[in-house]
Amino acid sequence: MLHSAFTPHSKLPDVGTTIFTVISQLAARYQAINLSQGAPNFPCSNDLVRYAHEAMQAGHNQYAPMSGLPALREAIAAKAATLYSQHYDVDDEVTVMASASEALFSAITALVHPGDEVLVFEPAFDSYIPMITLQGATPVVIKLAAPDFAIPWDEVAANITPRTRMLLLNTPHNPTGTVLSATDIAQLTALTNGTDIIILSDEVYEHVVFDGALHHSMSRYPALAARSVVVTSFGKTFHVTGWRVGYCLAPQALMAEIRKVHQFAMFAADTPMQYALARLMAEPAHYLELSAFYQQKRDLLTQALAASPLRLHPSQGSFFMLASFGHLSDESDSAFVQRLIVENGVATIPVSAFYRDGTDQQIIRLSFAKDDATLLAGAERLCRLTA
């Protein structure tokens, strides 16, 4: 190992290896069934792979336009118009990104300044707060509490100050599986009306909403769309998380600033993948049927865990469901998760990992973005769980 003479002053002194990496390594060591990550273990569309291969063979292996392949941006804009009745300008308001994470990072970097405040709801995906901190801004954390994890809008209102620059939302929500309601949209609209607050809406699970519920995208509501950056993911939608392609939608004035960051951070997403995705987007069934696809998996896992001592929380959307274990054990959720791996051979995620201060409500997160055999095998092991 090379020993450096330098001790850098860290911009992220409290950040270590992510919980996802830690759990995955532990799961591999004990050959545990991995219900921790929201990454499918089943194949993507054969057509999508073929389209990417054909694009490579056709020579589409150099840089794509910075804002994204025109055909893909047109397909994205057409989808937003069809599903949400929102007409984004293809040239100036749609940008293809090298993952939803890059879209979130570019938006926060471009639009949040030192001294600004950003409202964040926890439990939250682990990249949000580091991205905010890197800008010299202050994350203002509002906690969502079990069992329903509803947004406390009175608390949101109380935390809005003249320095509030952005409000970061995630619906459907990771890790809780909740979705925004019409009441949430009304509250959000009322609170932001007449302000300079930008909404950054992480909607990577936009096509995974269950039981016939509506996905309340910011794009659906003109007053919110006018102040929102909407981020979503082709990886989540088409089972290709390793391709790292996403996109964002935003009014021209916001998008112009976001593209300034994007062009220097990544410049462009992978070219052959963009060609393939543009062709698959011409077949809307690939994403319109996704809710039913994952609802079947949610229901399969729910039914298979009926004999488990875990207490399941409802999952309204996303790839995830939560389970409480406090009636079984006094352990922390992290200790309980590690015991599940070692003794039961099943990997899950402790929900405390999604709180900056490690708030522990003795709840774990399970992913059902797995093939049916894996879900059934994992459930069988969890049904043998003892206190």
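1. In helix H4, the buried residues are Ala100, Glu102, Ala103, Leu104, Ser106, Ala107, Ile108, Ala110 and Leu111; buried means under 20% relative accessible area, exposed over 50% and partly exposed in between, with a 1.4 Å probe and protein chains only. That makes nine of the 12 residues of H4, a mostly covered helix. Helices (H or I, at least four residues) and strands (E, at least two) are DSSP runs numbered from the N terminus.

2. A word on the source: this is a predicted model, where local features need pLDDT of at least 70 and side-chain atom pairs count only at pLDDT 80 or more, while totals for chains, interfaces and linings use all residues. Residues are numbered from 1 along each chain as its sequence is written, and side-chain values use heavy atoms, with hydrogens and water left out.

3. You may like the geometry of H4 (residues 100–111): its end C-alpha atoms are 16 Å apart, which agrees with the 16 Å that 12 residues should span at 1.5 Å a residue. The expected span is 1.5 Å times one less than the number of residues. At the start of H4, the backbone nitrogen of Ser101 has a side-chain oxygen of Ser99 within 3.3 Å.

4. H4 also matters to the count of the largest nonpolar core, giving seven residues, the largest share. This core has 68 residues, and Leu200, Val229, Ile258, Tyr294 and Ile364 have the most contacts inside it. Such a core is a set of buried Ala, Val, Leu, Ile, Met, Phe, Trp, Tyr and Cys residues joined through side-chain atoms within 4.5 Å. Another core, of 53 residues, lies apart from it, with Cys44, Ile76, Val140 and Trp243 among them.

5. Do look at Ile258: leaving out residues up to four places away in sequence, its contacts (heavy atoms within 4.5 Å) include Ser106, Ala107, Ala110 and Leu111, along with Val229.

6. Now the empty space: the whole structure has two cavities of 30 Å³ or more, and the largest holds about 50 Å³. H3 gives the most to the lining of the largest cavity, with four residues. Helix H3 (70–84), strand E7 (228–233) and strand E8 (246–249) each supply at least two. A cavity is a set of points on a 1 Å grid over the protein atoms alone where a 1.4 Å probe fits but cannot get out, and lining residues have an atom within 4 Å of a point. Points are joined across faces, edges and corners, and volume is the space filled by probe spheres set on them.

7. Finally, Leu26 sits in helix H1 (residues 19–29) and counts as buried at 13% relative accessibility. Leu26 touches Gln338 and Ile341, not counting residues up to four places away in sequence.

Technical notes: Polar contact = N/O pair within 3.5 Å; in protein donor to acceptor, adjacent residues only side chain to side chain. 1 Å grid on protein atoms, 1.4 Å probe; cavity = no way out; pocket = protein on both sides within 12 Å on 5 of 7 lines; lining within 4 Å.
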